[in-house]
Amino acid sequence: MSQENMIRLCIFLLMAVSFTISASFRRKADQSDKKETFEEENPTLLKMRNIGALVMYGSILMYFLHPPLMAWGQLKSLPAWIRWSAVGVLALLVPAFYWMFSNLGKNITPTVAIRSEHQLVTSGPYRWIRHPNYLVVILEIAALPLLHGAVLSALFLSALNAFVLFNRI
């Protein structure tokens with residue numbers, strides 16, 4: 001199997017595991033309380049977050065399904081070790097993601113809204129950092145585009161994420 005196909009396989013496996021973890025914990029949280037609305041979220045920031053996610057995950061899906069579609073965004077001289085380092089970062093984020101969600105429990109929401117029955121979480125990663133999900137997303141947004149050599153996408157999406165977080169926190 002070529003190096004390119006190995007990276008594509010890693011993308012698929014890491015994304016599938018991450019989405020499964022997220023969906024499982026979010027489903028459990030939604031069953032424990034009323035569904036949250038997006039009313040408390042700033043509409044502009046919500047649109048920016050959704051556009052950024054669509055660009056990032058859409059480009060990864062296009063790269064996974066048919067790499068030549070994303071050739072325009074690749075830096076051809078990007079060393080393989082940088083791409084494999086991004087795989088390593090994402091592989092480390094999967095258990096961090098699980099650890100974070102398992103400690104957050106029923107307090108998980110897709111927005112900044114607080115559940116009516118929320119409790120302050122001070123265990124697991126929340127013992128050291130108030131919003132570990134933001135750190136995970138910062139690293140994910142920087143690493144995912146690097147998997148297929150899209151340095152400009154990594155920089156643009158990281159800047160967009162920094163703006164959203166600056167205005168959200």
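What span should the 25 residues of helix 3 have at 1.5 Å a residue, and how far apart are its end C-alpha atoms? The expected span is 36 Å and the end C-alpha atoms are 36 Å apart, which agrees. The expected value is 1.5 Å times one less than the number of residues in the helix.

This is a predicted model, in which local features need pLDDT of at least 70 and side-chain atom pairs count only at pLDDT 80 or more, while totals for chains, interfaces and linings use all residues. Residues are numbered from 1 along each chain as its sequence is written, and side-chain values use heavy atoms, with hydrogens and water left out.

Helices (H or I, at least four residues) are DSSP runs numbered from the N terminus. Helix 3 covers residues 80-104. Its buried residues are Arg83, Ala86, Val87, Leu90, Leu93, Val94, Phe97, Met100, Phe101 and Leu104. An α-helix has 3.6 residues a turn, so residues three or four places apart point the same way. After helix 3 comes Gly105, with a positive phi near 60°.

The structure holds one salt bridge, a term for a side-chain nitrogen of Lys or Arg within 4 Å of a carboxyl oxygen of Asp or Glu. Its partners are Glu4 and Arg83, at 3.1 Å from N to O. Glu4 belongs to helix 1 (residues 3-32) and Arg83 to helix 3, so the pair ties together parts that are 79 residues apart in sequence.

Relative accessible areas are compared below; buried means under 20%, exposed over 50%, and partly exposed in between (1.4 Å probe, protein chains only).

| Residue | Relative accessible area | Class |
|---|---|---|
| Glu4 | 26% | partly exposed |
| Arg83 | 9% | buried |
| Trp128 | 63% | exposed |

The side chain of Arg83 also reaches the backbone oxygen of Leu147, at 2.8 Å. Leaving aside neighbours within four places in sequence, Arg83 is in contact (heavy atoms within 4.5 Å) with Glu4, Ile7, Tyr63, Leu78, Leu146, Leu147, His148 and Gly149.

On the surface, Val89, Trp99, Trp128, Ile129, Leu135, Ile138 and Leu139 make a nonpolar patch of about 640 Å². Patch residues have over 30% relative accessible area and no salt bridge; nonpolar side chains (Val, Leu, Ile, Met, Phe, Trp, Tyr) are joined within 5 Å, and like charges within 9 Å. Areas come from the Shrake-Rupley method with a 1.4 Å probe. Helix 3 and helix 4 (132-147) each give two or more residues to the patch. Helix 4 gives the largest share, three residues. Trp128 sits in the loop between helix 3 and helix 4.

Notes:
A polar contact is a pair of N or O atoms within 3.5 Å; within protein, one must be able to donate a hydrogen and the other to accept it, and residues adjacent in sequence count only if both atoms are side-chain atoms.
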